[in-house]
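I am opening a notebook page on a structure that is new to me. I want to go through a few side chains in turn and write down what I find.

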Amino acid sequence: FLSEKEYDHYPDSVNQVLMKIASENSNIFLVTTGDLVHKGDSVHFDSPSQRALGKRFAQKFAELVSKMR
C-alpha cells in the first residue's frame, strides 16, 4: 500500500484497486505499509522498514501454507 502521507490523492485510489483485486482472488494477499519509513524519496523503504515488510510477507506466506495443510 502507498502511504497516505505522500501523494495525497494516489494512495486511496491505488489501495482501493489492490483491495478489490485481492477480494476477487483468494491467492492474493495484502500487507500494510502505512507505518513504514521511506528513505527520503517517498518511494523506497529504509532498512528497518524493509525488514519489517519482509516479516509481514513471511507471515502472510505462513498463513497461506497453514491453510493448505
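These entries cover the salt bridges, then a serine, then a patch on the surface.

Entry 1, the model. I note before anything else that this is a predicted model, and I read each entry below with that in mind.

Entry 2, the salt bridges as a group. I looked up how many salt bridges there are, and the count comes to 3. As general background I wrote down that side chains of opposite charge can pair when their charged atoms come close.

Entry 3, E24 and K20. I found a salt bridge between E24 and K20, in which the closest N and O atoms are 2.4 Å apart. The two residues sit 4 residues apart in helix α1, so about one helical turn separates E24 from K20. I also checked the surroundings of E24, which is exposed with a relative accessible area of 55%, a value over the 50% that the word "exposed" requires.

Entry 4, R56 and D35. Which parts of the chain does this pair tie together? I first confirmed that R56 forms a salt bridge with D35, with 2.8 Å between the closest N and O atoms. R56 belongs to helix α2 (residues 47–68), while D35 belongs to the loop between α1 and α2, so the pair ties together parts that are 21 residues apart in sequence. For R56 I noted a relative accessible area of 22%, which makes this arginine partly exposed.

Entry 5, K60 and E63. I then turned to K60 and E63, whose side chains meet in a salt bridge at 3.8 Å, taken from N to O. Both residues lie in helix α2, where they are 3 residues apart, about one turn of the helix. K60 counts as partly exposed at 26% relative accessibility, and E63 is partly exposed too, with a relative accessible area of 29%.

Entry 6, S49. Is S49 buried or exposed? This serine, which is found in helix α2, counts as buried because its relative accessibility is 6%, and buried means under 20%. Once I left aside the neighbours within four places in sequence, I found S49 in contact with L36 and V37.

Entry 7, the nonpolar patch. Finally I looked at the surface, where V17, I21 and I28 form a nonpolar patch with about 220 Å² of accessible area together. Of these residues I followed up I21, which lies in helix α1 (residues 10–24) and is partly exposed, with a relative accessible area of 39%.

Note on methods
Residues numbered from 1 in each chain as written. Predicted model: local features only at pLDDT ≥ 70, side-chain atom pairs only at ≥ 80, totals over all residues. Heavy atoms only, no water. Patch = residues over 30% accessible without salt bridge, like charges linked within 9 Å, V, L, I, M, F, W, Y side chains within 5 Å. Areas by Shrake-Rupley, 256 points an atom, 1.4 Å probe, with all protein chains shown as cover. Salt bridge = Lys/Arg side-chain N within 4 Å of Asp/Glu carboxyl O. Buried < 20%, exposed > 50% of the residue type's maximum accessible area, 1.4 Å probe, protein only. Contact = heavy atoms within 4.5 Å.
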